[in-house]
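Biologist: I have a model open and want to learn how to read it. Can we go through it feature by feature?

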Amino acid sequence: MMISRRSLLGGSLAAAAVGLTGCSTVTRSTDIAALNKPVALPTYKRFNGPKPDLPRSHPLMPDCFYRFPEHPTKVTSGVPGNGQTVTGTTLTSNPIPPTADRNPYWQELNRRLGAPLELNITAATDYPNKFATSVAGDTLGDLFNVDSGFAYLPQFLEARAQDLTEYLSGDAILEYPFLANAPQASWRGCVFSGGIRAVPIQRGIMSSNTLLVRQDLMDKFGVELGSLTVDSLQQAAKAVTDEKKNRWAFAVPPTAAVSAMLRLPNGWEVRDGKLVQSRELPEHKEMLAITRQMVKDGVIHPDGVAKNNQKVWFTQGSAVMTQDTYSSIQSFYRRATNEDFSISIPVPLAADGKVGRVLLGAPNNSIAAIRPSSPERTKTLLGILNWFAAPFGTEEYLFRKFGLPGRHYTLDGTDPVLTKDGGSEVCLGEFPIQYLADGPYPAYFPGHPEAVDTAYDHFKAILTTAITPPTYGLYSPTQSTKGKILDTRMDSLTKDIQLGRADLDSWDDAVADYRKSGADAIRDELEQALAIKGDK
Amino acid sequence: MSTQTNVYRQKGIDDGPAMSSRVLKTVVLVVCCAVVVIPFLGVISTSIASQEHVTNSGGFVLWPDALNLDAYKSIFNGGVVQRALLVSIVIAAGGTLISLAGSTMLAYSLSRPGSFGQRPILMIVLFSILFSPGLIPNYLVVKQFGLLDSLFALILPTAISGFNVIVLRSFFMGIPESVLDSARIDGAGDFRIFWSIVLPLSRAVLAVVGLFYAVGYWNAFFNAMLYISDTAKWPLQLVLRTYVINNTELSSGDLGGAAADQLPPQESIQMAILVISLVPILIVYPFLQRHFAKGMLTGAVKG
């Protein structure tokens, strides 16, 4: 049975309808003020853990480590659980790990938690379907990762998630020091209808998209990127492309770099007191024209617009540049088969020669919630989530990400390296509890200190002008119910224009229709929400 | 003699199409075949290609330079894939049996005039073809029956296909009433007639409908994703989807113990899983092929 996006949304709406049946107390979807009511955010207290190897030059800069600390400290005592089974629903982007009865890592995790953990794990791409049915069937469990695309999310969380405000708001969070280690920008995404209803799965800026370059290949071909402007990028692209040798400059259209060069807004942006959407601006159309020209010039992999296989092409050298997250750098080095494999991250420049405006990703990968429970149970579950969020460099982190010494990892210097059992049982270091709570994401690429330097220099250059999504944490009912369909329609036209199947000017009509079909309503709701939160 | 006859024979319909027409048809058919065969050849070739060849070919090999069975060895070394293959075989075999039993009995009762509740039951069957209950109601029904995390959740909700019941009913209606009457005169009851007369006469349609059901069960992944939380019970297609559609890397543990640094190319493993998922149906099809045309026409001629 194949499920289309439309039917998926239908499933989400149906699940919301079933899930909210009988809940007469949830906020009406037209009450923007109530849905976006602010709350005192948890106090941010940076955990005093291992000192990063490189100094932080900006509040958004992630901790940069060349290697894992030699003596990781144990920062918790006792176990957070009380022996009672903890159930949960979560996702993974890696192979599914063996079940608890055949997985020594999972068994040790249960022992350290002091509670048997029963997880319902689903592959990331299937998670929205699974989440919708689990909501309807009330089988989410004690802890669950929340599908951010779920319709009527605030009302769902009001009905089916524990209000954590009294446990986490203000200084109350200091009871859970690793959760308090999440910045307030992350907590903004957990506030719905005047309550803290989830905990963040923080990623900081590491989930932002950037242009990654195979520097070893650039050196081999003797091509210099130089100052990264639109022109120099196009010239370098033509120089490295050789179709006969099965090699293209880009795996995918480099929209992140071009957006930064053109200083596009990060989704919505307040200009002259009003919100504008990036798609409405002439700069966005210019970006479409540039990427369309790149496709026409044949510098983008022939399947790069339609198919998502850029990781393979970039690692294999079929593409010399790609667009991916900062956190993906580690996986590229892991996949690489040639020893001289190296990645550089160029700094995009605007037409005036100054550093471009890089669009940073949302501060969170997602959020996770707790089923409504008694105060004692809620505190226990928060204690477990706090344990999951123990930061880099601690003994808890080392176990969580790498398992048991000998069986799951060996040490290369002080860096843990997963064994074959570790890869399978610890899910390549990303056991799915990382989508229930996680510590801050460091810039740490084991075995590749040079990649840490590359990322650090890049962060230092771009963070002064980079922008986070200004509407993150605001709720628009229209965005919730119609946003996916509108985005799909515009993304589809973007591909058509890039591939030359649609005229560039068709973008203007599409934007007019986009505004009429819901974008203007979304704008009004977000403006109201901004006013309520005092940000406008 | 025959040469002389040919010389004087006028051009007629027995001559067949002109040479140009034949060439054109051949070209079109060859192109159509190539469109089907080349991707399939690529899948097989990539599954047996070396890392170097896969890399140089941009991830898809059309003809391997050497035979490399590492991907298959890894898969059959005892891991998630092997267990999932077993689950898929159990579901396809068990499900097909259950579906055939239920569908034939239902279709037979609907084919005999005067059966109890024949008309309303037929309406229900037709209704199920036109309208589907949807994702959430299906899930709630499965949950209420306590089937979550059971392999029966992958069989029972799709056990009876209205379309297949109608095809079977049409075939059964073609069996002469006199044959059944003679059996009745000899003292056979309804079940005896069904088992000893109707089913043996219906091998063609049973083969076709059985293949429909088997392919359906073999290819299904969505219900498993919804209803099965225990990953040890996942069928092959769901595992395949996780690795191919999600584009995730297989770890050595999933493949059953090859050392991480000795893993075959990722693309080869994905293609090998694809081949493995296709082979059982390819093996079964030739045995049913002789029944296929007759069985397919059953539903088309009589409704």
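Biologist: Where do the domains of chain B begin and end?

Modeller: Domain bounds come from an automatic or database domain assignment. For chain B that assignment gives domain 1 (2–68) and domain 2 (73–301). This is a predicted model: local features need pLDDT of at least 70, side-chain atom pairs count only at pLDDT 80 or more, and totals for chains, interfaces and linings use all residues. Residues are numbered from 1 along each chain as its sequence is written, while chains are lettered from A and ligands numbered from 1 in the order in which they are written.

Biologist: How many residues does each domain of chain B give to the contact?

Modeller: Start with the cut-off. Two residues are in contact if their C-beta atoms, placed from the backbone, lie within 7 Å. Here domain 1 of chain B gives eight residues, and domain 2 of chain B gives seven.

Biologist: Which elements of domain 1 of chain B touch domain 2 of chain B?

Modeller: Elements are DSSP runs, numbered from the N terminus: helices are H or I with at least four residues, strands are E with at least two. α2 (19–47) and α3 (51–56) of chain B each give two or more residues to that side. α2(B) gives the most, with four residues.

Biologist: What is the class make-up of that side of domain 1 of chain B?

Modeller: Ala, Val, Leu, Ile, Met, Phe, Trp, Tyr, Cys and Pro count as nonpolar; Asp, Glu, Lys and Arg as charged; the others, Gly among them, as polar. The side of domain 1 of chain B that touches domain 2 of chain B has four nonpolar, four polar and no charged residues.

Biologist: Now chain A. What are its domains?

Modeller: Domain 1 of chain A is 11–206 + 364–391 + 427–444, and domain 2 of chain A is 209–359 + 466–532. Their C-alpha centres lie 29 Å apart. In the contact, 20 residues of domain 1 of chain A meet 16 residues of domain 2 of chain A.

Biologist: Which elements of domain 1 of chain A give two or more residues to that contact?

Modeller: They are α2 (32–35), α5 (153–160), α7 (184–188) and β5 (191–192) of chain A. The largest share, three residues, comes from α2(A). By class, this side of domain 1 of chain A has 14 nonpolar, four polar and two charged residues.

Biologist: What is the strand order in the five-stranded open sheet of chain A?

Modeller: Two strands pair if DSSP finds at least two bridges between them. The order in chain A is β3-β2-β4-β14-β7, with mixed pairing. β3 (117–123) and β7 (199–202) of chain A stand at the edges with a single partner strand each, so one side of each has no neighbour in the sheet. β7(A) runs antiparallel to β14 (residues 364–370) of chain A, joined by four bridges. There, A:P200 has A:I367 in β14(A) as its bridge partner.

Biologist: How do β15 and β16 of chain A pair?

Modeller: β15 (residues 409–412) and β16 (residues 415–418) of chain A are antiparallel, over four bridges. A:T410 stands opposite A:V417 in β16(A). The hairpin has two residues between the strands, and A:G413 takes a positive phi near 70 degrees.

Biologist: What share of chain A is buried?

Modeller: Count neighbours: a residue is buried if 20 or more other C-beta atoms, placed from the backbone, lie within 10 Å of its own. Of the 536 residues of chain A, 52% count as buried.

Note on methods:
Buried ≥ 20, exposed ≤ 12 C-beta atoms within 10 Å, placed from the backbone.
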